[in-house]
Amino acid sequence: MEKKKINCEVCRNNCEMEVEVDDKEVIDVTGNGCMKGYIFAQTAVSEMSE
Ligand code: SF4
C-alpha cells in the first residue's frame, strides 16, 4: 500500500488529492471535490505504472 499526492487538473479548483494505491490499483481517494477527481486519479495512476 502506497500513498500518492496528485493534483486534479480537470477544473480550476485543482483539488489536492491523496490517493491510496495497492498493486497499481486505486483503493481510495481523498481530497477530491467530485467524482471527476477520482477518475483523474485512476487515469494518472495507470499512466504512471505503464
Ligand atoms: S476533483 Fe472535481 S472539483 Fe476538484 S479539481 Fe477535480 S474536477 Fe475540479
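A residue counts as buried if 20 or more other C-beta atoms lie within 10 Å of its own. A residue with 12 or fewer such neighbours is exposed, and one in between is partly exposed. These classes serve for the views below, which come from a predicted model.

**View 1. The whole protein has one helix and three strands.**
From the N terminus on, the elements follow the order β-β-β-α. The C-alpha atoms fill a box of roughly 30 × 20 × 15 Å along the principal axes. The radius of gyration is 10 Å, and a compact globule of 50 residues would have one near 10 Å, so the two agree. Buried residues make up 22% of the 50 residues. Some contacts reach far along the chain: among those between residues at least 6 apart in sequence, 23% join residues at least 24 apart.

**View 2. Three strands form an open sheet.**
The strand order is β1-β2-β3, and the pairing is antiparallel. β1 and β3 are the edge strands, each pairing on one side only. From one strand to the next, the twist averages 30°. Strands of a sheet pair through backbone hydrogen bonds, either parallel or antiparallel.

**View 3. β1 and β2 run side by side in the antiparallel sense.**
Six bridges hold this pair in register. Lys5 has Glu18 of β2 as its bridge partner. Lys3 has Glu20 of β2 as its bridge partner.

**View 4. β2 also pairs with β3, again antiparallel.**
Five bridges join these two strands. Here Glu20 stands opposite Asp28 in β3. Glu20 is also the β2 partner of Lys3. Another bridge of this pair links Asp22 with Glu25 of β3. Two residues lie between the strands of this hairpin. Asp23 takes a positive phi there, near 50°.

**View 5. The two faces of β2 carry separate sets of residues.**
In a regular strand the side chains alternate between the two faces of the sheet. The covered face of β2 holds Met17, Val19 and Val21. The uncovered face holds Glu16, Glu18, Glu20 and Asp22.

**View 6. Helix α1 lies across β1, β2 and β3.**
The helix spans residues 35-48. Relative to β3, which covers residues 25-30, the helix runs at about 145°.

**View 7. Ile6 sits in strand β1, residues 2-7.**
Is Ile6 buried or exposed? Ile6 is buried, because 21 other C-beta atoms lie within 10 Å. Beyond its neighbours within four places in sequence, Ile6 is in contact with Met17, Val19, Ala41 and Ala44. Met17 and Val19 belong to the covered face of β2. Met35 is 29 residues away from Ile6 along the chain, and their C-alpha atoms are separated by 14 Å.

**View 8. Met1 lies in the segment before β1.**
Met1 counts as exposed, because it has 8 C-beta neighbours inside 10 Å. Which residues does Met1 contact, leaving aside its neighbours within four places in sequence? They are Glu20 and Asp22. Both residues are on the uncovered face of β2. Met1 and Asp23 are 22 residues apart in sequence, yet their C-alpha atoms are 7.3 Å apart in space.

**View 9. Residues from several parts of the chain surround the ligand, including Cys8, Asn32 and Phe40.**
Also around the ligand are Val10, Cys11, Asn13, Asn14 and Cys15. Gly33, Cys34, Lys36 and Gly37 are part of this shell too. By type, the shell divides into six nonpolar, five polar and one charged.

**View 10. Asn13, one of the residues around the ligand, is found in the loop between β1 and β2.**
The loop leads to β2, residues 16-22. Asn13 counts as partly exposed, because it has 13 C-beta neighbours inside 10 Å. How far apart in space are Asn13 and Asn32, C-alpha to C-alpha? The distance is 9.6 Å, for two residues 19 apart in sequence. Asn32 is also among the residues around the ligand.

Methods: Residues numbered from 1 in each chain as written. Predicted model: local features only at pLDDT ≥ 70, side-chain atom pairs only at ≥ 80, totals over all residues. Helix = DSSP H or I, 4+ residues; strand = E, 2+ residues; numbered from the N terminus. Contact = placed C-beta atoms within 7 Å. Near = placed C-beta within 6 Å. Nonpolar A, V, L, I, M, F, W, Y, C, P; charged D, E, K, R; others polar. Pairing = 2+ DSSP bridges. Axes fitted to C-alpha atoms, helices over the stretch in contact; angles between N-to-C directions. Rg over C-alpha atoms; globule rule 2.2 N^0.38 Å.
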